[in-house]
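Subject: Structure for you to look at

Hello,

Here is the structure I said I would pass on. Please open it before you read the notes underneath.

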Amino acid sequence: GAEYATRCIDSAKKAVGLNIGVWTLPVRWDADEATLQAQITKIPAIANAAKIIDATRCTTIVQPGSDSLPLKDNFDFYSQKLNEVGDLLAPHGVSLSVGFQAAAKAREGKEFEFIHQAETMLTLISMLPGENVGLHLDTWNWFLGGGTVDQVMTLGVNKIKSVYVADYPAGATADTVE
């Protein structure tokens, strides 16, 4: 329960300086509508538990392709759902960071491609006006997806909600990495 978890986390904070960085939003974006709504309905309770243990940032990754939603429809779907989730998290002081997958393998076999490049990720982020919603900057995906440092700087620090730092082998491209 929350009381036990809080005691464990507080003990780890005192003993070794452990803090929770980011937790993964427990939503499967490719689920059917009824399942997706059931998952979204649970978010306020999860966010409340996260706040209790001072875990105030969560992340989610948009699917890089779809078998049912063309590009515009997928933008509409994600902007609506991510804004809804952001609104549910905000009263609990939890931020939502949204990332993407650049590797071609991640969208292989999908009828419609979706976000797999930094530029289109920035378009989606611009559609998410909530102050607690922004970019999950995964440097591996960002640079494989054609992103630049200038784009990150232009976005501004307030729209970057979490960062993962990683690199990839020289000469690797989004088409060749897994």
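The notes below cover the core and one pair of helices.

This is a predicted model, in which local features need pLDDT of at least 70 and side-chain atom pairs count only at pLDDT 80 or more, while totals for chains, interfaces and linings use all residues. Residues are numbered from 1 along each chain as its sequence is written, and side-chain values use heavy atoms, without hydrogens and water.

The largest nonpolar core has 43 residues. Such a core is a set of buried Ala, Val, Leu, Ile, Met, Phe, Trp, Tyr and Cys residues joined through side-chain atoms within 4.5 Å; buried means under 20% relative accessible area with a 1.4 Å probe, protein chains only. Val-98 and Leu-124 touch the most other members. H4 gives the largest share, six residues. Helices are DSSP runs of H or I with at least four residues, numbered from the N terminus.

Leaving aside neighbours within four places in sequence, Leu-124 has contacts (heavy atoms within 4.5 Å) that include Phe-75, Tyr-78 and Leu-82. Those three residues are also among the buried residues of H4.

How do H3 and H4 cross? Their axes, lines fitted to C-alpha atoms over the stretch in contact, come within 9 Å and cross at roughly 45°. That makes H3 oblique to H4, as the angle is outside the ranges under 35 degrees, over 145 and 65 to 115. At this crossing, Ile-43, Pro-44 and Ala-47 in H3 meet Val-85, Leu-88 and Leu-89 in H4.

Regards

Note on methods
Buried means under 20% relative accessible area, exposed over 50%, partly exposed in between (1.4 Å probe, protein chains only). Helices (H or I, at least four residues) and strands (E, at least two) are DSSP runs, numbered from the N terminus. Axes are lines fitted to C-alpha atoms, for helices over the stretch in contact, and angles run from 0 to 180 degrees between N-to-C directions.
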